[in-house]
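Biologist: Please pick one part of this model and take me through it closely. I work with cut-offs, so give them as each term comes up.

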Amino acid sequence: MSGIHSTPKPKIRSLFAFIQARTGSTRFPKKVIRPIPPDSDKTILDHIHSRILKILPNSRIIYLIPEGDLELVSFLEKNGMNHFSGPLEDVRQRYILAAEKFKADAILRLTGDNPFYDTTHLDLLIQTFVESDSDLAYFKGLPLGTGGEVFRTSALLNLSDSQQEERHKEHVSIHIKEDPIQYKITSIPSLLTKEEGSRLANFRLTVDTPEDFETISGLLSQKSFESVGNFNTKEFLEWEKEDPSLFQKNLDVPQVKFNLPSPSQRTKGKIGVLVAPAKEFGSGHFSRTSLLYSFLPYKDWEPEWISAFPKDGEYDILLIDFRDIEIPIPYRKTKVLLLDHFGEDKKKYNFWDLLPHSENDQNFDWEQILIPPNLISSATNEEKSPAKEYGIFCYAGNLGKEESENLDRFLIQNSSQKRIRIGGTPPKTNEIEYFPRLSRVQYLQKLRSSEKFLGYFGQSVFEALYLRIPSATFSISPIHRELSSILEKYKIPFTDLSQETEFSLGTKTVGKNGYKVLLDKIDSIY
């Protein structure tokens, strides 16, 4: 890590996304409120807002605009977007005044030029940053226009008037990046493979000029607002491979760049991270391990996202979260750490269990369960705790029609209040509020506003228990029934959905230090 100070920094209690925007752009006036594509009803700011709502609640998204920009004020207020007006020529001062008004300990800095922010990476960025003592952090190796940076307000303020130069007024955080000795700066490699990273020069996903506007309009004309809204870097890479000409029209537009010193991060070594594909194995592997991956640079490790088994010795550590995949290479130089692995290779290499099961129940420490920072920290939540809107919250995953209907009958039988089901097939009755899926922020908002939780054995059950929501489980397979029997020993009820069931917090406590414990384990095996 970079930085000369060893005194621990204060805990981040409040983080906001500050999005700087204006209609008076010299190169392309009013671009932020123009429909894009021109025949649509969506502007660049609409695209940005719908994306950032996936990682932060509306109350923590603030548009920083110049004083007197009445047209932009009118647009933002009409669309329910929060805004703050400050000096036109001194954007840095605009940030300082907004941070003071909203009591922001940390700021996710974004601009109104980029309709395709990568919310997967931004979510990981803010979750890891609020648990760190860095002054500034960012993901490196993302397409232009998809990334952002997060920094402490204290670092923003740590520049005297005598030190400030003209560039500091426009480029808000540049004084931090110019001094990697004074400030702790964490640069996190993106979750892209080497092959994917080699194609980043094929993208310019920002709108600075009419040429950019035309290119982005062409992309948006090919897809619906809803489908493109779910595209992150991986999806854009797949799309570019299918139709590269769509992305080439604005690649010659010049981009302002600064020659900045590299963050002086020490490196313990390199870690290759191999994770089961979400399309085949579900999103759980990716969700937990991408967060672990993003924590590694804060612990002085250099991670790399890989898609195949590397050569022995290519990495110092190989981290595998791939269920029971057989390891085809006898690793001797490379240390191997298997996560939740039940195959024969568990006998050959280091392993770490993340959830209790029949083989480890006697020794499993519930402190090992990985609880994400957005459950632990209030820095990115709504400022007021939500009222209990739902009697039962049900997570159904990918269940079919018959199983979903059984769940709905159970939910109606077990609660006279509103019931909500996430996943499964649409209900036949309007007595169940239904969502096929939710963003992580929306999921947590709904979960926190529920009195009880019902789900099959998995991460979601333990997250509900961590939030002190009485829970019960049901089965989607013989394996899940067996796993639920472990929870029954700790007084978490199992139901076959045929009758009323008690819900309970059980006799075990889910800890909040799972990622810290696992990071310590990684350090110990090297």
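Modeller: What follows is a close look at one sheet and its surroundings.

First, the ground rules. This is a predicted model: local features need pLDDT of at least 70, side-chain atom pairs count only at pLDDT 80 or more, and totals for chains, interfaces and linings use all residues. Residues are numbered from 1 along each chain as its sequence is written, and side-chain values use heavy atoms, with hydrogens and water left out.

Now the sheet. Seven strands form an open sheet in the order 3-2-1-4-6-5-7, and the pairing is mixed. Strands (E, at least two residues) and helices (H or I, at least four) are DSSP runs, numbered from the N terminus. Two strands pair if DSSP finds at least two bridges between them. The edges are strand 3 (82-86) and strand 7, and each pairs on one side only. From one strand to the next, the twist averages 25°. Axes here are lines fitted to C-alpha atoms, for helices over the stretch in contact, and angles run from 0 to 180 degrees between N-to-C directions.

Take the pairings one by one. Strand 4 (residues 106-111) and strand 6 run antiparallel, joined by four bridges. Alanine 106 has arginine 152 as its bridge partner in strand 6. Helix 1 (residues 44-52) packs on the sheet and touches strand 1 (15-20), strand 2 (61-66) and strand 4. The direction of helix 1 makes about 150° with that of strand 2. Contact means heavy atoms within 4.5 Å.

Strand 5 (residues 136-140) is also antiparallel to strand 6 (residues 149-152), with three bridges between them. Leucine 136 is bridged to phenylalanine 151 in strand 6. With strand 7 (residues 185-189), strand 5 pairs in the parallel sense over five bridges. There, phenylalanine 139 stands opposite isoleucine 188. As general background, the side chains of a regular strand alternate between the two faces of the sheet.

Next, zoom in on one residue of strand 4, leucine 110. Is leucine 110 buried or exposed? Leucine 110 has 1% relative accessibility and so counts as buried. The cut-offs are under 20% relative accessible area for buried and over 50% for exposed, with partly exposed in between (1.4 Å probe, protein chains only). Leaving out residues up to four places away in sequence, leucine 110 touches Phe18, Ile19, Gln20, Ile52, Tyr95, Tyr117, Leu122 and Gly148. Phenylalanine 18 is 92 residues away along the chain, yet its C-alpha atom is 6.2 Å from that of leucine 110.

Leucine 108 is worth the same check. Again not counting residues up to four places away, Leucine 108 touches Leu15, Phe16, Ala17, Phe18, Ile55, Leu56, Leu122, Leu125, Ile126, Glu149 and Val150. Leu108 is also among the residues with the most contacts inside the largest nonpolar core, as are Leu45, Ile52, Leu56, Tyr63 and Leu72. That core has 80 residues. Apart from it lies another core of 29 residues, including Ile371, Leu375, Leu465 and Tyr490. A nonpolar core is a set of buried Ala, Val, Leu, Ile, Met, Phe, Trp, Tyr and Cys residues joined through side-chain atoms within 4.5 Å. In soluble globular proteins, nonpolar side chains tend to be buried together.

Now the run into strand 4. Helix 3 (residues 91-102) has 12 residues, which at 1.5 Å a residue should span 16 Å; its end C-alpha atoms are 16 Å apart, so the two agree. The expected span is 1.5 Å times one less than the number of residues. Val91, Arg92, Arg94, Tyr95, Ile96, Ala98 and Ala99 of helix 3 are buried.

Lysine 103 follows helix 3. It sits in the loop between helix 3 and strand 4. Its phi is near 55°, a positive value in a residue other than glycine. Lysine 103 is exposed, with a relative accessible area of 65%.

One more backbone point concerns the loop between strand 1 and helix 1, where proline 37 is found. The peptide bond joining isoleucine 36 and proline 37 is cis, with omega about -5°. For comparison, most residues other than glycine have a negative phi, and most peptide bonds are trans.
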